[in-house]
Amino acid sequence: MSYKHRVFISFHHGEEKDPYSGVHYKNKFINIFQDYSEVIISRSVMEGDIDTSLKTESIRQKIRDEYLRNTTVTVVLIGPETWKRKHVDWEISSSLRHTQYNKRSGLIGILLPTYPGYAENKYNPYTIPPRLYDNLENGFAKLYLWNTKPSSIQKWVHEAYLRKDQIEPDNSYPNFVNNKSADRWSY
């Protein structure tokens, strides 16, 4: 059975010239479904889409009301620096909120081949986005390894869609004010 979902893709842009940046994998993810538009409709915020001189709360509201609007699942593509990005944190936080205008989205993380430990199928909880980690712990979100098989990804997305109304998400981690620069996050 085929289920159609509007998916928001959260990722760290990285260096545009880097062939393994977040943009590279976001484009690959979208291309996987190029011939399967009845399965997933992709949305994401690109570099320059939002005026960075806006106040933090205005940026968060813009993400939620313009980019996440009507999406049903947020997919976080996780590379080595993804957890450090304030916009990734804000996108996850906004996805978990159920508001008057937007319903809560399901949530999954996908470890990219550039993530340390990917080859061993291991991850360090303190080097993935903290808000995603909290939701892995409570069962709201799931974490997967990069995969290019549409049927697998469609299954992951649909399961996240079903979980969003069965498990209460944890959105208690303090919102990032700035990008992080440490090697890992902490409580």
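Contact here means heavy atoms within 4.5 Å. One caveat before we start: this is a predicted model, where local features need pLDDT of at least 70, side-chain atom pairs count only at pLDDT 80 or more, and totals for chains, interfaces and linings use all residues. Residues are numbered from 1 along each chain as its sequence is written, and side-chain values use heavy atoms, with hydrogens and water left out.

**Exercise 1. Place Lys 84 and work out its surroundings.**

Step 1: find it. Lys 84 sits in the loop between β3 and α3 (86–96). Helices (H or I, at least four residues) and strands (E, at least two) are DSSP runs, numbered from the N terminus.

Step 2: is Lys 84 buried or exposed? Buried means under 20% relative accessible area, exposed over 50%, and partly exposed in between (1.4 Å probe, protein chains only). Lys 84 has 11% relative accessibility, so it counts as buried.

Step 3: list the partners. Skip the neighbours within four places in sequence, and Lys 84 is in contact with Phe 176, Asn 179, Lys 180, Ser 181 and Ala 182.

Step 4: check the polar side. The side chains of Lys 84 and Glu 81 make a polar contact of 3.1 Å. That term covers a pair of N or O atoms within 3.5 Å; within protein, one must be able to donate a hydrogen and the other to accept it, and residues adjacent in sequence count only if both atoms are side-chain atoms.

**Exercise 2. Do the same for Asn 138.**

Step 1: Asn 138 lies in the loop between α4 (130–137) and β5 (141–145).

Step 2: its relative accessible area is 32%, so Asn 138 is partly exposed.

Step 3: which residues does Asn 138 touch, not counting those up to four places away in sequence? They are Ile 167, Glu 168, Pro 169 and Asp 170. Glu 168 is 30 residues along the chain from Asn 138, yet their C-alpha atoms are separated by 8.3 Å.

Step 4: the Asn 138 side chain also reaches the backbone nitrogen of Phe 140, at 2.9 Å.

**Exercise 3. Find what covers helix α1, then zoom out.**

Step 1: in α1 (residues 22–32), the buried residues are Gly 22, Val 23, Tyr 25, Lys 26, Phe 29 and Ile 32.

Step 2: their cover includes β1 (5–10), β3 (73–78), β4 (106–111) and α5 (150–163).

Step 3: now the whole chain. It has 5 helices and 5 strands, running β-α-β-α-β-α-β-α-β-α from the N terminus. Of its 187 residues, 47% are buried.
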